Amino acid sequence: SPFSNTRVPASCLEIGSGTGQHCAHLAAAFPHVIFQPSEYAGGPPGVKTAPSSTVASIMLSITAYTAGLANVRQPIELDASLPAVQWPC
């Protein structure tokens, strides 16, 4: 597994990072893995979406929990229901 072989660089896209606590915990445990946290920022009309202020506060939370971890990228907004070729990462 990429997580157990510390000699091989690896990356992990976390979908729906929430507060960022899991990403922070895993990044500290696996410093050879680059983590990309993400959160869903909304969707088409009719789909229950989080207010933009909530998404902004979630992104701030992820950033705060992962502060100081060199192997964590800045969180991105990601709609995982889109085809992967449309993902920003």
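Begin by selecting A10, C23, A27, V33, F35 and V72, the 6 residues that together form the largest nonpolar core of this predicted model. Two elements, α1 and β2, each contribute two or more residues to this core.

Keep A27 selected and display its surroundings: setting aside neighbours within four places in sequence, A27 is in contact with F35, L69, N71 and V72. Of these partners, F35 and V72 belong, like A27, to the largest nonpolar core.

Next, show helix α1 as a whole, which spans residues 21-29. Within α1, the buried residues are C23, A24 and A27. Looking down the axis of α1, you will find that these buried residues fall within an arc of 100°, so they line one face of the helix. Turn to the other side of α1, where H22 and H25 are exposed.

From the helix, move to the strands on either side of it in sequence, selecting β1 (residues 10-14) and β2 (residues 33-39), which pair in the parallel sense over 5 bridges. The chain passes from β1 through α1 to β2, and this β-α-β crossover is right-handed. To inspect individual positions along the pair, pick C12, which stands opposite F35 in β2, and then L13, whose bridge partner in β2 is Q36. F35 therefore deserves a second look in the viewer, since a nonpolar core is built from buried residues joined through side-chain atoms within 4.5 Å, and F35 is one of the residues of the largest such core.

Now widen the selection to the open sheet, whose 3 strands have the order β1-β2-β3 with parallel pairing. Here β1 and β3 (76-77) stand at the edges with a single partner strand each, so one side of each is left without a neighbour in the sheet.

Finally, show the entire protein chain, which has 2 helices and 3 strands and, read along the sequence, follows the pattern β-α-β-α-β. Of its 89 residues, 29% are buried, and among contacts between residues at least 6 apart in sequence, 57% join residues at least 24 apart.

If you colour the chain by pLDDT, keep in mind that the mean for the protein chain is 86 and that 85% of its residues reach 70 or more. Among the elements, α1 has the highest mean pLDDT (96), whereas helix α2 (residues 52-65) has the lowest (86).

Definitions and conventions
Residues numbered from 1 in each chain as written. Predicted model: local features only at pLDDT ≥ 70, side-chain atom pairs only at ≥ 80, totals over all residues. Heavy atoms only, no water. Pairing = 2+ DSSP bridges. Helix = DSSP H or I, 4+ residues; strand = E, 2+ residues; numbered from the N terminus. Right-handed = clockwise from strand over helix to strand, strands pointing away. pLDDT = per-residue confidence, 0-100. Buried < 20%, exposed > 50% of the residue type's maximum accessible area, 1.4 Å probe, protein only. Contact = heavy atoms within 4.5 Å. Arc of directions from axis to C-beta.
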